[in-house]
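Student: I have a structure open on my screen and would like to understand how its side-chain contacts get their names. Could you go through it with me?

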Amino acid sequence: MSTSTERHRAPTGPADTLPLRGGVQIPVLGLGVFRSPAGRATRQAVTAALDVGYRHIDTAAVYGNEADVGHGLRDNGLDRDQVFITTKVWNADHGYQSTLDAFERSRRLLGVDHVDLYLIHWPVPGIRLETWRAMEHLLETGKARAIGVSNYMVHHLEELLDHAQHLPSVNQIELSPYNYGSRADVIDLSRKNGIQVEPYSPLTKGRKLDDPPLVRTAAAHQRSTAQVLIRWALQHDLVALPKSTHADRIAGNADVFDFTLTDTEMETLDALDENLVTGWDPTTTP
Ligand SMILES: NC(=O)c1ccc[n+]([C@@H]2O[C@H](COP(=O)([O-])OP(=O)(O)OC[C@H]3O[C@@H](n4cnc5c(N)ncnc54)[C@H](OP(=O)(O)O)[C@@H]3O)[C@@H](O)[C@H]2O)c1
């Protein structure tokens, strides 16, 4: 894995940012809300995250909780421009007009006048380039400050790079030490084209939190294994999106800015690659 394009500047807190194209800044840590139940649980998770310094929430139309994310934002009382909100167009809404309509539904549910980052959730075959034209329209009209893709592997990205008027700002893919090596090709292609990589399921959906090499690294720093996985992502200049609905975990997952993994520890973690896929596998989507 090439690390030549990494910045090697340690972020100082959850609101610290990385640059996206077009002068947009994205906070390095975001709260994920996949499987965060609609209603009070999501609203409270968002509030708890904003209270401890998160300034970035990652939702999606298909999660069914955009309205609760919006309520959580307003409960907190922060100015709109202080919080970075990502949402995504779902597979059933691909196509030019249906993407514009889906965006409008998401925008209204969130209760915002613009979205900071709008993503194609999945590279649906046959129609995704038409969807991208709608994404470009949303960018050009200022409804989305940045646009991007999710679950795009090399072949999806190459197709888009060949046809796009505006390149994506972000590629959100499943990423942790357990598949980092296996995703080297798409990470390198993204970086070469100025596309910020955002790991989803950075905590492996909880599956690897008791893995002995990870436990040993965490013990060496007197940290939790979740904190080590988030720190690993940040030290690779990745934007991490851990999900939790528990206030104590939400706070702990953001308490990762006062320790540093050594180069040897980073290499040990990178070597845990086993091509882990915890959800759908985008490599098999044509
Ligand atoms: N674009 C896509 O296709 C896609 C796919 C998947 C996910 N995502 C995004 O990425 C976000 C994160 O991914 P994810 O939700 O799949 O999984 P994840 O963040 O890797 O893991 C979440 C799981 O870990 C638990 N957890 C959180 N903090 C913990 C801690 N400190 N100690 C122990 N357990 C902890 C959570 O439980 P509790 O909630 O009970 O604490 C939950 O079961 C999503 O919420 C979503 O925003 C995007």
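Student: How many aromatic pairs does the count come to?

Tutor: Five aromatic pairs, by the rule for ring centres. Do keep in mind that this is a predicted model.

Student: Why is the pair of W122 and W280 called edge-to-face?

Tutor: Two values decide it. The ring centres lie 5.2 Å apart, and a pair needs centres within 6.5 Å. The planes of W122 and W280 stand at 90°, and an angle over 60 degrees counts as edge-to-face, so the name fits W122 and W280.

Student: What makes this a link between distant parts of the chain?

Tutor: W122 sits in the loop between β6 and α4, while W280 is in the segment after α10, and 158 residues separate the two. Ring pairs also bring in W90, which forms a cluster with W122 and W280.

Student: Are W122 and W280 buried or exposed, and how do you know that?

Tutor: Compare each with its cut-off. W122 has a relative accessible area of 9%; buried means under 20%, so W122 is buried. W280 comes to 53%; exposed means over 50%, so W280 counts as exposed.

Student: Why is the pair of Y180 and W232 edge-to-face?

Tutor: Their ring centres are 5.1 Å apart and their planes meet at 85°. With limits of within 6.5 Å for the centres and over 60 degrees for the planes, the pair is therefore edge-to-face. Y180 lies in the loop between β8 and α6 and W232 in helix α8, so the contact ties together parts that are 52 residues apart in sequence. Y180 is buried at 1% relative accessibility, and W232 is buried with a value of 1%.

Student: Now the charged side chains. How many salt bridges does a search of the whole structure find?

Tutor: It finds 11 salt bridges. One of them joins K88 and D58.

Student: What makes K88 and D58 a salt bridge?

Tutor: The closest N and O atoms of K88 and D58 are 2.7 Å apart, and the rule asks for within 4 Å, so the pair qualifies. K88 lies in strand β5 and D58 in strand β4, so the bridge ties together parts that are 30 residues apart in sequence. Both K88 and D58 are buried.

Student: How do you know that R105 and D93 form a salt bridge?

Tutor: Their closest N and O atoms are 3.3 Å apart, which again passes the test of within 4 Å. R105 is in helix α3 and D93 in the loop between β5 and α3, so parts 12 residues apart in sequence are tied together. R105 has 43% relative accessibility, so it counts as partly exposed, whereas D93 is buried with 18%.

Student: What makes R223 buried and D258 exposed?

Tutor: R223 has a relative accessible area of 19%, and the limit for buried is under 20%, so R223 is buried. D258 has 54%, and over 50% means exposed. R223 and D258 form a salt bridge with their closest N and O atoms 2.5 Å apart.

Student: And why is R231 said to sit over the ring of F259?

Tutor: The charged end of R231 is 5.8 Å from the ring centre of F259. The distance limit is within 6 Å, and the charge must also be within 35 degrees of the ring normal; R231 is listed as sitting over that ring.

Terms used
Residues numbered from 1 in each chain as written. Predicted model: local features only at pLDDT ≥ 70, side-chain atom pairs only at ≥ 80, totals over all residues. Heavy atoms only, no water. Helix = DSSP H or I, 4+ residues; strand = E, 2+ residues; numbered from the N terminus. Buried < 20%, exposed > 50% of the residue type's maximum accessible area, 1.4 Å probe, protein only. Phe/Tyr/Trp six-rings, centres within 6.5 Å; stacked < 30°, edge-to-face > 60°.
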